[in-house]
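Work through the exercises below with the structure open. Try each task before you read its solution.

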There are 2 protein chains.
Amino acid sequence: MDLTERKLKILHAIVADFIHSAEPVGSRTLSKKYDLGISPATIRNEMSDLEEMGYLTHPHTSAGRVPSDKAYRLYVNDLMGRYELPEEEKRIISENIQTNVMELENTIEHVAELLSKLTNLTSFAITPRQDTNKLKYINLLPVDEQTIVLMIVAEDGKVINKALRINVPYTLENLELLAKAMTQTYRGRTISDVLTLDIIKYFETDIEAMSRLAESIMPNFMKTLENMLNVDLYMEGLTNIFSIPEYNDIDRARMFLEMVNRKKDFTDVLVNRDNGVIITIGNENSNEIMQDCSLITADYRINGKLVGKLGVIGPTRMKYDEVTSVIKYMTDNLSSAFQITEGDFDDEE
Amino acid sequence: MDLTERKLKILHAIVADFIHSAEPVGSRTLSKKYDLGISPATIRNEMSDLEEMGYLTHPHTSAGRVPSDKAYRLYVNDLMGRYELPEEEKRIISENIQTNVMELENTIEHVAELLSKLTNLTSFAITPRQDTNKLKYINLLPVDEQTIVLMIVAEDGKVINKALRINVPYTLENLELLAKAMTQTYRGRTISDVLTLDIIKYFETDIEAMSRLAESIMPNFMKTLENMLNVDLYMEGLTNIFSIPEYNDIDRARMFLEMVNRKKDFTDVLVNRDNGVIITIGNENSNEIMQDCSLITADYRINGKLVGKLGVIGPTRMKYDEVTSVIKYMTDNLSSAFQITEGDFDDEE
DNA sequence: GATTAGCACTCGAGAAAAGTGAGTGCTAAC
DNA sequence: GTTAGCACTCACTTTTCTCGAGTGCTAATC
């Protein structure tokens, strides 16, 4: 059977209507609301065909039709038009990004928050994997007799610091010496590279005090490096799920919240997505418990270098056109806001 | 009317039973389950008195009795016994704290997570206010032409860093000079103190490049200081709320989640609580939307210096004895794990 | 041959009715 | 003061009924 022009028109109308109303769409409603030029009976016949072809389903005999994931896919690929963001929203987004442009980390949080507000969905942002990020310097700062701060700076400007409790006495001199030695040894190496080294052996020195200090610090250094590899996840608008009719059921709401709160799993899913604007719909998600959700993500870059991903998660019935436009506008804006006038950095990723 | 020994006994039984079952307690159940030596009819009379006195309520005529907040307060103050934690739980807590003792920040997150697991409630941890924390040094690190890292270290070892985008060219030398100057100027002053200064004026120098660099950095410096004043909030076990019968209602669950997700408000409530083990029950909470929740918090200290608070939030029907014991055990353990052998730091609070 | 009007049929949702049972409050006896 | 007895209450559950949106089929129409 073929997807005739008319079938596409009907399907489009059904998807659009259902996205808007969350109610199964019947033939009469359709013929009244949309100017299709055919009677309900004809629509019924076409609907029956569309169902056979897998684009529609039927909650029960006497209910209207509901789009399947396959229909959403068709809608997203071929049917939905380009949605032009209202100027007002564009303004809000640009302003938000501009006023925060000086601090990368905070900007991302703000943008995620804004995204959830504009879409009424749960939004998130992640930082990229740090595997290939290289160490730039390592610093050890005294705080008190038993506490020092370990600080690691990576080439891309990422800084991590940890207050460490150490159980050996130290001198300022030793601390500086050790930091210098560490910087010398690790500068320019990637984090994952450093993690494969037998770090503890590495720092045996003749000076007893130094070697004990190193012994005390190295395990934490490694732990901190491991932490650095983890991507950060910001999530906003969790409770938006409650305003979606599909989730007006305690068990579904619970499942959803438990899913996104399993941060490790959820982050994995996000990290492994391709770059660009990616839409996965319902059963296209490999993760089983996500199969009645759709996920839209996009990456943003500074001078071609991936710095993060931004996205939303919600029911498969989602305003794909609007949401995609918002995300796209945001990531484009982010990318250009952080653009360096003269691009002279090496592409990576 | 007086709270006779018998009334107390009955009230105790009702509270204990209701905490366990979440069902209104009837006179017959009570006389069967607990060896009170009196008949249901007598219990009914006593219950009637207790209701008149404000310790019990009645969802409707033909339902059993439910403890009021006043009853919980009496229970917590006078009736509930000391709950001895099972050795197994003690072991888990100590081990968890011991293995993470080297990194303060992570430890707190772990502990909060453990707390939510052990109590099946929503748990949280906050860091203390930083008003009186003093600056120790300020560092400016180059990353690339348009990015530097601003790093602020406080006397207590708290470190904050921000990657900043600056729009003026800089030299390594200027950066170092500026950092030194800033350190010199601000070292030893409290954060709130520094924030009252007219910082931007402060750094006018003759050298054009320096003054432009300072101009570019100072607003961010102030913003970062402001951020430093904010207490950090970790929350765990949000979805535990779904396994509590009281919240088996989409609207109540929603209200709860929206409340704790309003991080700013929630943090304020926590910050303003007294130190020590504090239990507030239902309407004792000044915050209106918390009035059907109970909140238990405790602080923990290192050498007498407050470093944070730990707590749980849940329905007023809560195992006060168990939860209190767990929190107490955790904060005691935290405090002693971080104890310095020789206490030689000034008390601060 | 495609389209459409007509009509019987389906089935979930919501309202109304009936039944159930835990629990109360009162009274009178112990 | 305590308790047995009993009528009464009222949320909750189950059952029954009604309603209406929607379908699928058939026969008439364009």
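**Exercise 1. Find the element that gives the most to the surface near DNA strand D, and say how many residues it gives.**

Solution. The element is helix 3 of chain B, with four residues. Bear in mind that this is a predicted model. Next, list the elements that give two or more residues to this surface. Chain A supplies helix 2 (27–33) and helix 3 (40–52). Chain B supplies helix 3 (40–52).

**Exercise 2. Describe the residues around DNA strand D: how many are there, and which come nearest?**

Solution. Start with the count: 21 residues lie around the strand. Those that come nearest are S27(A), R6(B), T42(B), T61(B) and S62(B). Now turn to the DNA side. Of the atoms of DNA strand D that come within 4 Å of the protein, 77% belong to sugar and phosphate. Last, sort the residues by class. The surface near DNA strand D has 13 polar, four charged and four nonpolar residues.

**Exercise 3. Give the distances from the side chains of S27(A), T42(B) and T61(B) to a phosphate oxygen of DNA strand D.**

Solution. Take the residues one at a time.

- S27(A): a polar side-chain atom lies 2.8 Å from a phosphate oxygen of the strand.
- T42(B): the distance from a polar side-chain atom to a phosphate oxygen is 2.3 Å.
- T61(B): an N or O atom of the side chain is 3.1 Å from a phosphate oxygen.

**Exercise 4. Characterise the second largest pocket: what is its volume, and which residues are closest to its centre?**

Solution. The volume is about 870 Å³. The lining is made of 27 residues. Closest to the centre are N139(A), L141(A) and E176(A) from chain A, with N139(B) and L141(B) from chain B. Next, look at the elements. Strand 4 (135–144) and helix 7 (172–186) each give two or more residues to the lining, in chain A and in chain B. Helix 7 of chain A gives the most, with seven residues. Finish with the classes: 15 lining residues are nonpolar, six are polar and six are charged.

**Exercise 5. Decide whether N174(A) is buried or exposed, and name the residues it touches beyond four places away in sequence.**

Solution. First locate the residue: N174(A) sits in helix 7 of chain A. Its relative accessible area is 13%. The cut-off for buried is under 20%, so N174(A) counts as buried. Then check its contacts. Leaving out residues up to four places away in sequence, N174(A) touches A209(A), M210(A) and L213(A).

Definitions and conventions:
Residues numbered from 1 in each chain as written. Chains lettered and ligands numbered in written order. Predicted model: local features only at pLDDT ≥ 70, side-chain atom pairs only at ≥ 80, totals over all residues. Heavy atoms only, no water. 1 Å grid on protein atoms, 1.4 Å probe; cavity = no way out; pocket = protein on both sides within 12 Å on 5 of 7 lines; lining within 4 Å. Points joined across faces, edges and corners; volume = space filled by probe spheres on them. Nonpolar A, V, L, I, M, F, W, Y, C, P; charged D, E, K, R; others polar. Near = heavy atom within 4 Å. Polar contact = N/O pair within 3.5 Å; in protein donor to acceptor, adjacent residues only side chain to side chain. Buried < 20%, exposed > 50% of the residue type's maximum accessible area, 1.4 Å probe, protein only. Contact = heavy atoms within 4.5 Å.
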